[in-house]
Amino acid sequence: MAQITVANGAPSRSPIDIIIDRIWRFFTSVRMAVLEITLLALLVLIGTLRGSEVPQWIADAAPVTQPLVDQWYGWDVFHSSVFAVLLTIIAVAIAVCTINRFPVIWGTISSPRIRTSKGYVERAEVSATFVQTGSVAELQQGMKSIFGERRYRFFTEKVGDDIHFYADKNRWAKLGTFPFHLALILLMVGGIVASVYGFRDRDFAVAEGETRRVGHGTDLSVELVRFTDSYIPTGVASEYKSDIIIYDGDEKVDSGTITVNHPISHGVATFYQSSFGISVDMRVEGKTGRTVYDESLEMGFYNSRDNPDAPAGLIRLPGEGLQVAVVSPDTDRSNRPDLDTLNLASGQVWVQVSPLDSNSDIEPATAILDQGTPLAVGDLTLLFERESRFTVLQVAYNPGIPIFLIASVLLVGGLAATFYFPLRRVRGIIQQSADGNTVTLTPLAKRDWGGKRDFYNLVERAGEHFTTTPTVKRPDQDETGHDDAIDDSREAENQ
Amino acid sequence: METLVKLSFYCFAASSLALGAAALSYIAFAVGRVRVRRATLATSTGATVTSSTADFLPGSASAGRYGTLLTWFGGIFAFLAVLLRSIAAERLPTANMYEFSLTFVLAICMMYILFERMYSIRQLGAIVVTIAFGMTLYIWSLPADLREVTPLIPALQAKPMMTIHVSSAIFAYATFSVSFASAILYLIKSKRNIRWLPSLEILDDVGFRAVGIGFPLLSMVLILGSIWAHDAWGVYWSWDPKETAALFTWLVYAVYLHTRTLRGWRGDRSAIILLLGFAAVIFTYYGNYFFGGLHAYGGV
């Protein structure tokens with residue numbers, strides 16, 4: 001019966017050390033990294049499909065899945081705690097892996113191992129051997145010059161009577177993975193900084209001639225001087241722009257025209273063109289004859305139940321205990337004309353005065369107002385002065401922008417360095433022998449066809465340099481990648 | 001302008017025909033030939049027996065050469081189609097599915113020719129050029145009014161950004177089509193050792209090299225798209241379905257790169273991830289048909 005003997009000499013580790021070690025191994029595990037990325041991809045796919053009709057297609061095809069599909073549409077994946085936790089784990093894993101791998105990679109770059117073994121170069125899958133009559137020093141110099149031509153670094157070490165050498169190219173590309181992974185963390189940090197310290201107002205509507213405060217701790221306000229839109233014959237908007245003035249307190253500090261791709265920034269705030277609509281200038285007198293509303297009412301934030309194509313707006317008058325619903329003429333008369341029960345003409349609006357308290361017994365009063373003609377409706381006197389335009393801006397402050405830009409440069413630069421400048425390494429030995437001196441070299445390019453191809457080119461150049469034909473060992477002469485058909489055709493073309 | 005647009009369309013039609021013929025040539029080259037030998041044998045009783053044997057042979061080299069030649073024709077005509085339309089529209093044609101697909105055909109031809117020259121293998125053409133031809137058929141199926149040049153909608157009125165962002169996407173997808181083709185051939189070669197197909201090592205390397213070009217380009221697409229979105233919509237990232245579909249594609253290729261470079265995966269498993277990656281590309285490409293959101297204008 002076998003016996004297990006436990007060595008007593010090994011120092012025992014504390015539970016904390018064991019836990020830390022396991023956590024470290026969890027975060028440095030490539031298997032876990034792959035699993036995390038795969039999970040993230042799955043969540044992204046689920047979230048992407050949520051924004052499409054695909055889940056409904058599934059429910060239509062298999063009605064039994066309808067409850068699941070409803071849950072799918074109801075789950076905001078990208079703002080869920082599962083998604084946030086996974087991103088956090090990935091960010092930590094990236095940081096830990098970077099700390100773990102950097103010393104090893106840096107060591108390979110800064111002080112590569114030069115010494116190799118004869119067994120290694122002789123048993124290598126790919127190698128090349130030159131036999132030369134020149135001195136060892138001449139061979140060494142020759143190899144250095146061949147590698148130098150191809151921008152390789154060249155290191156030598158004397159081992160007994162032999163010279164061992166190591167050459168590499170694009171060594172910095174090996175570091176490309178670090179800026180890339182750092183960039184991923186920075187992108188997440190940038191997003192967090194923007195959401196914690198920034199602000200974003202998506203529906204900042206300003207009517208022509210109106211001035212609106214930005215808020216969010218600033219003293220800024222925006223006046224819309226003019227809104228202009230133009231259309232192509234098919235009816236699609238070709239351009240829309242807002243001429244605005246920005247005030248800091250009462251002082252005019254900036255002005256300009258903003259379009260969709262050309263925002264204006266002032267101080268911390270940036271103003272983006274988002275959308276637009278029509279507004280109606282309304283004046284309302286209350287029960288006592290006092291003016292209780294004299295503003296431009298943005299239409300389109302509501303829709304009339306009676307006519308979905310008609311832009312509508314709502315004036316709330318808490319002092320009067322009333323609200324006024326205003327509906328403009330239909331914007332698209334060709335779309336479901338059967339739904340247009342109001343049949344308003346240009347220069348008219350439909351109004352309904354109703355109590356704010358939905359439990360009130362007071363019956364709503366409705367009327368059609370003609371532009372410029374005041375009319376008593378219920379307890380109010382309403383005047384539709386004119387139709388004007390309003391613009392919808394986005395006002396945002398994003399303190400994460402510098403972080404995002406740095407991350408972008410690191411990400412693209414890191415990837416470009418890694419993939420467009422592949423690391424190439426070659427080891428070799430220059431040996432003295434009775435028949436002449438021998439150079440044997442082998443690439444560190446296991447399963448790297450591109451690396452091997454570069455090596456063959458390098459060997460060809462070395463053959464020209466030494467005016468000799470090297471003995472080249474290839475992995476499988478039939479599997480070298482030469483396309484016989486193309487070679488045949490080239491021969492035929494040469495003939 | 002109308003003349004240029006018409007000429008561009010005629011060039012596209014020529015490109016379509018050339019690529020159809022090129023795809024057939026490459027398929028003939030990659031599939032190989034069957035040579036049937038019949039022999040009549042006399043038996044000891046004096047009767048004769050006819051025996052047939054079939055040999056599977058590599059495709060004719062001339063079929064491969066014609067494939068290359070026709071792909072060049074297809075590429076040149078696609079280039080002329082894009083060039084003429086660019087002159088007519090005063091921008092790179094990438095504003096709707098007709099224009100995007102037209103430029104995609106050109107990018108596929110360019111990337112394929114690049115890889116054919118890099119690796120001296122023509123069998124990839126049987127799949128890559130067939131994809132390019134399939135894309136021309138898709139273009140033919142689009143409504144004819146998309147062939148007209150129309151002004152850009154306000155969100156797209158950022159020509160430099162649109163040119164770089166969209167062309168990065170087009171070239172990324174084109175290189176992924178090469179990696180897809182290498183994965184298909186890899187799986188065929190590994191299951192049925194067809195000797196005239198390129199070696200497994202080369203096919204694996206083609207897939208990796210193609211992703212090595214395409215992945216940074218796709219990263220550029222996401223980054224430039226974010227910068228553009230910030231100017232146009234006031235936010236870098238909106239979790240818009242088209243954005244997240246591109247992110248999904250990026251993550252699939254990230255899995256491929258991690259498993260290949262850090263886990264040492266090669267062979268069938270890596271090839272299958274490349275197939276999934278290209279499925280994600282197709283999903284993103286045609287997502288406009290079933291996605292809502294901010295990129296909905298990109299649909300037909």
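These are my notebook entries on two chains, A and B, of a predicted model.

**Entry 1: chain A overall**

I started with the secondary structure of chain A and got 11 helices and 21 strands. Next I asked how much of chain A is buried. Buried residues come to 30% of its 495 residues. Then I checked how far along the sequence the contacts reach. Taking contacts in chain A between residues at least 6 apart in sequence, I found that 60% join residues at least 24 apart.

**Entry 2: a hairpin in chain A**

I picked one strand pair to look at up close. Strand β13 of chain A covers residues 311-317, and strand β14 of chain A covers residues 322-327. How do they run, parallel or antiparallel? They run antiparallel, and 6 bridges join them. For A:Leu317 I looked up the bridge partner, and in β14(A) that is A:Leu322. The hairpin of β13(A) and β14(A) has 4 residues between the strands. I went through the backbone angles there and noted A:Gly321, which takes a positive phi near 70 degrees.

**Entry 3: domains of chain B**

On to chain B, which is split into two domains. Domain 1 is written in two pieces, 1-33 and 57-151, while domain 2 is 152-300. Over C-alpha atoms, the centres of domain 1 of chain B and domain 2 of chain B are 19 Å apart. I then looked up the contacts between them: 26 residues of domain 1 of chain B touch 27 residues of domain 2 of chain B.

Which elements of chain B supply at least two residues each on the domain 1 side? They are α3 (97-119) and α4 (125-141) of chain B. The largest share is from α3(B), with 10 residues. I sorted this side of domain 1 of chain B by residue class and got 21 nonpolar, 4 polar and 1 charged.

**Entry 4: where chain B meets chain A**

Last, the interface between the chains. I have 53 residues of chain B in contact with 48 residues of chain A. Looking at the chain B side, I asked which elements give two or more residues. These are α2 (61-89), α6 (200-233) and α7 (241-261) of chain B. The largest share, 14 residues, comes from α6(B).

I did the class split here too. The side of chain B that touches chain A divides into 32 nonpolar, 13 polar and 8 charged residues.

**Recap for myself**

For chain B, the helix to pull up for the chain A interface is α6(B), with its 14 residues. For the domain 1 side that touches domain 2 in chain B, the helix to pull up is α3(B), with its 10.

Methods: Residues numbered from 1 in each chain as written. Chains lettered and ligands numbered in written order. Predicted model: local features only at pLDDT ≥ 70, side-chain atom pairs only at ≥ 80, totals over all residues. Contact = placed C-beta atoms within 7 Å. Nonpolar A, V, L, I, M, F, W, Y, C, P; charged D, E, K, R; others polar. Buried ≥ 20, exposed ≤ 12 C-beta atoms within 10 Å, placed from the backbone. Pairing = 2+ DSSP bridges. Domains from an automatic or database assignment.
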